[in-house]
There are 2 protein chains.
Amino acid sequence: MFLDKIFKKENKEEIQENISKQELITKPLSGFMELLPAEQIVFNQIMDTIRQTYELFGFIPMDNPVLERAEVLLAKAGGETEKQIYRFKKGDTDLAMRFDLTVPLARYVAQNQRDLAFPFKRYSIGKVYRGERAQAGRFREFYQCDIDVIGYEKLDIRFDAEIPSIIYTIFKKLGFDKFTIRINNRKIFNGLFESLKVQEKSAKIMQSIDRMEKMRNLPAGRQVEKVNQELKELGLLEDQISQISKLISLKGNSQEMIKGLKDLGIENEQFEEGVEELKKVSILIQQLGVPESNFIIDATIARGLDYYTGIVYETRLDEYPEIGSVCSGGRYEDLASQYTDRKLPGVGISIGLTRLFDQLLEKGALKTGSATPTKVLVLPMTDNFEKSLQLANKLRKNKISTEVSFNIESKMKKRLGYADKLEIPFSIFIGEDELSKGIYTLKDMKTGEQEELTEENLLKKLSR
Amino acid sequence: MFLDKIFKKENKEEIQENISKQELITKPLSGFMELLPAEQIVFNQIMDTIRQTYELFGFIPMDNPVLERAEVLLAKAGGETEKQIYRFKKGDTDLAMRFDLTVPLARYVAQNQRDLAFPFKRYSIGKVYRGERAQAGRFREFYQCDIDVIGYEKLDIRFDAEIPSIIYTIFKKLGFDKFTIRINNRKIFNGLFESLKVQEKSAKIMQSIDRMEKMRNLPAGRQVEKVNQELKELGLLEDQISQISKLISLKGNSQEMIKGLKDLGIENEQFEEGVEELKKVSILIQQLGVPESNFIIDATIARGLDYYTGIVYETRLDEYPEIGSVCSGGRYEDLASQYTDRKLPGVGISIGLTRLFDQLLEKGALKTGSATPTKVLVLPMTDNFEKSLQLANKLRKNKISTEVSFNIESKMKKRLGYADKLEIPFSIFIGEDELSKGIYTLKDMKTGEQEELTEENLLKKLSR
């Protein structure tokens with residue numbers, strides 16, 4: 001029955017008489033990542049680093065359902081989201097799979113506001129779903145690793161400064177040195193557009209500025225020229241274009257950027273507020289220990305259209321600019337207006353882990369190692385397992401991942417082949433000799449070196 | 001629009017004119033667990049303990065998609081599963097959400113058998129979905145924590161012995177002392193039924209024996225009587241009933257059980273093989289350090305119908321027998337017969353974490369603590385944040401989860417109220433004095449005690 005469906009779907013004309021079982025497609029659906037063990041281990045290490053760092057900064061774990069009422073998930077969503085979402089009925093219930101971690105957060109905070117302490121700092125690491133057209137580097141199921149700080153009625157701007165120091169800590173721990181956290185403030189664009197009286201065109205202008213990132217191979221001057229051209233086509237006047245052009249051409253370190261922004265001489269409350277916030281935030285970022293080499297104010301960062309209202313963040317790996325931003329976010333005015341009348345401003349970021357991992361893997365930027373957490377394979381050489389099992393237990397009590405090679409009927413070559421294939425670092429042989437003398441032979445599987453050790457020395461060596 | 005749907009679903013007759021936003025249901029769907037922070041932290045600790053133990057025994061992490069082709073997921077599934085599954089179409093694709101972690105494992109091993117080393121030991125911790133009728137203690141989205149050892153063509157019986165020592169390690173680490181791992185062997189039932197020539201009724205007989213667990217409040221003798229009655233109704237003869245009755249009445253420690261099984265005098269190859277396996281496995285279990293008090297051979301354990309073919313496991317918390325088995329599994333002949341012609345025998349267990357957690361929480365068996373991972377709240381008392389931020393950084397470098405209380409404009413009572421509500425253990429005040437003298441005032445938030453410490457002593461104290 002099910003085979004019929006596959007054949008129909010795959011448009012196969014000829015139907016074989018004898019269909020072997022392998023005809024069932026055992027590959028995951030396209031857009032769904034599934035890793036081999038050595039890759040999965042590295043993936044989990046990255047995820048653990050992110051989680052540990054979030055907790056180190058005091059973020060609280062949250063785990064929301066993957067399935068929600070469709071009308072709740074989509075209460076604020078736009079047309080593109082509605083098209084991409086996995087939505088279906090089960091009985092009378094109209095269900096949908098979550099497409100991000102922010103909407104469930106909003107629902108959760110609205111639901112539990114009386115039980116939470118504010119500012120509410122939470123992290124969430126989980127899979128989200130977007131049924132978009134599969135294409136290289138795009139995933140339909142992917143991990144997001146989010147943090148958000150949610151205020152009750154108000155939220156101090158200083159929380160915005162802590163975000164880049166969290167990003168910095170994570171990417172340093174992941175072994176990156178060359179990455180740049182870029183910040184900007186939406187109030188600067190909004191204030192400028194207000195002062196130039198081009199607010200109705202602001203969405204289109206920002207889209208045009210956003211496209212500069214895609215032109216990163218061009219010199220900065222050429223990028224600005226292209227934007228100018230597009231703004232002209234939008235019907236902006238010469239001096240309007242000139243002001244925008246001056247803004248997005250600004251370069252320099254934080255102090256220089258703040259000075260440059262002030263020197264534009266734009267008299268607008270929102271613009272000035274935006275510059276003051278950037279100044280305050282960038283001083284705190286430095287005090288939090290983020291070096292100038294990993295952090296800049298970038299006046300071209302716009303980050304989408306409606307959601308963000310203040311500071312915005314992007315993060316790029318300097319050696320892999322084509323990946324684009326690997327960690328983005330910003331400040332928003334109101335998290336949960338679709339669920340509660342309470343004003344809940346917040347600031348947050350998201351790391352799209354699945355895509356980041358996929359890209360780094362493709363570029364050879366990740367080194368995979370062992371295909372197992374096992375550090376030691378204990379190999380009993382006789383039918384007397386007692387000593388081997390006791391040793392394995394002792395190793396595990398010392399937090400050393402240990403396996404016992406139970407298949408003593410197999411040839412030694414095969415048993416060691418298992419350790420080789422998984423790249424298990426050490427093996428220990430337990431034969432008659434070891435049983436009587438209490439001395440263990442530890443083999444380094446990489447160098448082939450063997451060493452005779454007492455139990456005490458063995459534990460010491462492997463605990464390192 | 002969406003509000004209409006809710007009203008229709010809820011069968012509300014009167015539609016209010018002014019619908020406030022709170023009308024959107026912000027509670028998760030029934031059958032979907034969502035926890036408050038203090039609970040979530042305990043949940044994650046349990047999950048981490050399970051994961052770490054699985055890795056300590058050398059199991060490899062695996063993470064499969066939640067969504068699969070329906071025809072692949074359901075290739076081997078029965079009627080009940082088909083009814084419960086969340087299945088839907090997106091475009092031309094017939095999709096389903098996984099209902100366990102075993103079917104994706106089977107597909108994965110079939111797909112990647114050339115790249116894996118056998119025996120393939122993997123763990124998988126993730127959410128699975130069953131759209132069954134919601135009822136107390138039943139979940140539609142729940143975590144399973146699985147391990148399986150998969151052999152290529154064959155798998156040594158000794159791997160079956162390692163499973164109870166993993167269960168033992170986990171429940172000890174979780175703080176339980178009184179729990180009982182019960183093992184049995186399906187070959188014993190199969191062999192007995194064969195020798196009694198009642199194989200065609202074996203499913204019904206086992207269902208009847210399975211029901212003994214539900215009669216746990218009755219004396220053992222009464223339970224057996226009830227089974228006898230049911231077997232009579234099934235049309236079994238007096239001496240057939242008597243033999244089965246003798247088997248399921250056996251009690252004692254491992255040696256006594258083995259002896260009791262042999263003394264039944266059943267001459268059947270499968271039965272004898274089953275007893276031999278139980279003997280071998282129970283000796284190894286003891287050598288692996290599982291005490292007699294946490295482990296028994298229980299001749300009444302049947303575990304479902306078709307899947308298991310050898311050793312089977314159940315685990316019960318002695319103080320909460322009404323929870324039933326919290327960790328079950330067994331040996332199976334062939335993992336992936338629906339996907340590959342290769343014979344892949346295996347042995348595995350599953351912990352239904354969501355249900356276990358829910359039940360323990362309900363019974364007050366879990367102690368929740370802080371509602372945050374934060375150990376220290378640093379409170380700047382002046383507008384000079386530099387010292388506070390540097391200290392927070394240093395604490396985090398020493399792996400101490402730290403938050404900075406950024407809202408210095410708020411009253412001290414409110415700022416400390418935040419720490420109280422979250423049960424943050426310590427707070428540090430950074431005022432003019434601290435800035436000049438380099439001495440920190442550490443407050444124990446539970447006792448209210450304050451202590452003046454140098455930075456070095458502060459780090460020492462908090463690192464403990």
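1. Domain arrangement. In this predicted model, the C-alpha centres of domain 1 and domain 2 of chain A lie 42 Å apart. Domain 1 of chain A comprises 32–178 + 318–369, and domain 2 of chain A spans 376–462; these bounds come from an automatic or database domain assignment.

2. Conventions. Residues are numbered from 1 along each chain as its sequence is written, and chains are lettered from A, with ligands numbered from 1, in the order in which they are written. Local features need pLDDT of at least 70, side-chain atom pairs count only at pLDDT 80 or more, and totals for chains, interfaces and linings use all residues, while side-chain values use heavy atoms, with hydrogens and water left out.

3. Symmetry. A turn of 180° with a shift of 0.0 Å along the axis lays chain B on chain A with an RMSD of 0.0 Å; this is the relation of a two-fold axis. The superposition is by least squares on the C-alpha atoms of residues with pLDDT of at least 70 in both copies. Within chain B, Phe88(B) has the C-alpha nearest the axis, 3.1 Å from it.

4. Extent of the interface. Chain B and chain A each contribute 108 residues to the contact, where contact means heavy atoms within 4.5 Å. Of the interface residues of chain B, 100% are also interface residues in chain A, so the copies meet through the same surface. The two chains bury about 9,600 Å² between them, with 57% of it on carbon and sulfur atoms; buried area is the accessible area (1.4 Å probe) lost by two parts on being put together, summed over both. On the chain B side, Arg69(B), Arg158(B) and Phe406(B) lose the most area to chain A, together 7% of what that side buries.

5. Polar interactions across the interface. Twelve salt bridges are found between chain B and chain A, the rule being a side-chain nitrogen of Lys or Arg within 4 Å of a carboxyl oxygen of Asp or Glu. One of them joins Glu403(B) to Lys121(A), whose closest N and O atoms are 3.6 Å apart.

6. Composition of the chain B side. Helix H2 (residues 37–56) of chain B gives the most to the side that touches chain A, with seven residues; helices here are DSSP runs (H or I, at least four residues) and strands likewise (E, at least two), numbered from the N terminus.

7. Backbone geometry. The peptide bond from Phe118(A) to Pro119(A) is cis, with omega near -5°, and Pro119(A) lies in the loop between helix H5 (102–112) and strand E5 (120–129) of chain A. In chain B, a cis peptide bond joins Phe118(B) and Pro119(B), with omega about -5°. Lys399(A), although not a glycine, has a positive phi of about 65°; this residue is in the loop between helix H14 (386–397) and strand E13 (402–404) of chain A. Most residues other than glycine have a negative phi, and most peptide bonds are trans.
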